[in-house]
Amino acid sequence: MSAGWRRPAAAVLGAAAAVLAVAPVPMLTGPAAATTTTVNVTLACTTLGNAFDWEAEVGATAVGDGSQVSLTLAFSDLPGIAPVALNNLKMDGTVGVEVDGAATTLTGSGNSTAAARAPIPVPPVTGSVASTATTEVQVVVGHVEFTVAGILTACDPKTTGALGAIPVDAGTVPTTTAPTTAPTTAPTTAPTTATTSATPSTTAPTTTATADPSKDAVPASGKVAFACVLEPLGTEFDYEPTIKVYGARAASDDDEVSLWAEMTDIPGLAPVVIENNAMEVTLNAVVGGEKVTLTGSSTVNAAVKAKVPVPTLRDSMTSDEEEMDVEITGFSFDFAPISGLDIQAPCEPSGNAKIGALVVGIGDIADDTDDDTDDDTGTTGGTDTTTTTGASLPGTGAGAPLTAIGLWAGALALFGAAVFLMLPGRRQA
């Protein structure tokens, strides 16, 4: 009984063995990876005018199909140049190369995350060039750019960018169109400069003041040096604006005096474009022996590294004096909360802050339709929309991987939420 059962089992096993001998089971393997050649290259880099060296390890792979070669370069992390964390921020890369003497541009993008002062990952870049090479190509790295949150890091080989011979693996080259120019950090649409010209108002108001002769307001005017601190970073900087304080009453027998002040621009502050951010500005002064607080607000739109105009600042007081001495006692600007952060800069005079005496005008009261001015002509008025496109960001000097600068701290502390932070140059001793 049992022997009868063994014979069929043996027959089945024998048949199975015969099948396996004829058609063995294939192994599950993936396609071969492209050959990577790693070369060390020293790059001389700058970020926001600050210089540092990047000892980059570059992994190069090349794939060719007989008519084109696709080249991919993967750079090791940037040095820890950011004193604050990067939270999944988009980074774009552009690298100029020569492949067997033919110039092309490699591009790539990805999101970068790094702790404060930690190495910063950069995306690989790729591109193709017409080539019949099937064994190897000679590759030389040229200009390198990586941009994150509007901040450009630009690099060039310090001695040589030659990577040597890079093996070419056979494969399909994807159809790509290399950009003809490298990306720029300038905004694609520059903020529009305000076109309304500043014109002093000389027409008396249509009130009881119309019976009174007009008299121009003569401002107290002078430069005041402020020692400021940008909070919450604690960055110190100097600001030395020209300040003009005007006073006027509607009628000669009116004891209410309208005050307004104009100040020259806050120096080049923003390492990125500022878009529609509300700013409140306060100027504290003593006018005719009375403490006053002149305030103003604006919606700031400014290009990268642009100066930011100060809106017209206003207050009123009661006085029948025709001429009053003016002394400045403080200044500050304060932005609306940005991702929970209160960005502000309190400033105190660091020297003599008496700017002379103002002469009270009659019927010469600034209105909201005139632009602010940034010169010494004494024109009055001001707009609550600040727009600017020029100027430059004060530098803080070169040094090893930006270890002591507040520029990245100022920008990137808020870039985690894709916003900006204004940051002037550090105070000079």
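## Exercises on rings, bridges and cores

The count comes to 7 aromatic pairs, where rings of Phe, Tyr and Trp (its six-membered ring) pair if their centres lie within 6.5 Å. This is a predicted model: local features need pLDDT of at least 70, side-chain atom pairs count only at pLDDT 80 or more, and totals for chains, interfaces and linings use all residues. Residues are numbered from 1 along each chain as its sequence is written, and side-chain values use heavy atoms, with hydrogens and water left out.

**Exercise 1. Classify the ring pairs of tryptophan 54 with phenylalanine 75 and with phenylalanine 146.**

Step 1. A pair of aromatic rings is described by the distance of the centres and the angle of the planes. Planes under 30 degrees apart count as stacked, over 60 as edge-to-face and the rest as tilted.

Step 2. Take tryptophan 54 and phenylalanine 75. Their ring centres are 5.7 Å apart and their planes stand at 40 degrees, so the pair is tilted. Tryptophan 54 sits in strand E2 (residues 50-64) and phenylalanine 75 in strand E3 (residues 68-75), 21 residues apart. Strands (E, at least two residues) are DSSP runs, numbered from the N terminus.

Step 3. Take tryptophan 54 and phenylalanine 146. The centres are 6.1 Å apart with 70 degrees between the planes, an edge-to-face pair. Phenylalanine 146 belongs to strand E7 (residues 136-148), so this pair ties together parts that are 92 residues apart in sequence.

Step 4. Check burial. Buried means under 20% relative accessible area, exposed over 50%, partly exposed in between (1.4 Å probe, protein chains only). Tryptophan 54 has 1% and is therefore buried. Phenylalanine 146 is buried too, at 2%. Phenylalanine 75 is also buried.

Result: Trp54, Phe75 and Phe146 form one aromatic cluster.

**Exercise 2. Work out how the cysteines of the 2 disulfides are connected.**

Step 1. Apply the cut-off: a disulfide is a pair of cysteine sulfur atoms within 2.5 Å. Cysteine 45 and cysteine 155 qualify, with sulfur atoms 2.1 Å apart. Their link has 110 degrees about the S-S bond and is right-handed. Cysteine 45 lies in strand E1 (residues 37-47) and cysteine 155 in strand E8 (residues 151-157), 110 residues apart.

Step 2. Cysteine 228 and cysteine 347 are also joined, S to S 2.1 Å. The torsion about this S-S bond is about 115 degrees, so the disulfide is right-handed. It links strand E11 (residues 226-230) to strand E19 (residues 344-349), across 119 residues.

Step 3. Both cysteine 45 and cysteine 155 are buried. Cysteine 228 counts as buried at 0% relative accessibility, and cysteine 347 at 4%.

Result: counting bonded cysteines along the chain, the pattern is 1-2, 3-4.

**Exercise 3. Which residues touch the most other members of the largest nonpolar core?**

Step 1. Define the set: buried Ala, Val, Leu, Ile, Met, Phe, Trp, Tyr and Cys residues joined through side-chain atoms within 4.5 Å.

Step 2. The largest core has 42 residues, and Phe226, Leu283, Ile328 and Phe333 touch the most other members. Strand E18 (residues 323-335) gives the largest share, 6 residues. A second, separate core of 40 residues includes Phe52, Leu78, Val139 and Val144.

Step 3. List contacts (heavy atoms within 4.5 Å). Leaving aside neighbours within four places in sequence, isoleucine 328 touches residues including Val224, Phe226, Leu283, Pro349 and Ile355.

**Exercise 4. Place aspartate 100 and state its backbone oddity.**

Step 1. Aspartate 100 is in the loop between strand E4 (86-99) and strand E5 (102-114).

Step 2. Aspartate 100 has a positive phi of about 50 degrees, although it is not a glycine.

Step 3. With a relative accessible area of 43%, aspartate 100 is partly exposed.

Note on methods:
Helices (H or I, at least four residues) and strands (E, at least two) are DSSP runs, numbered from the N terminus.
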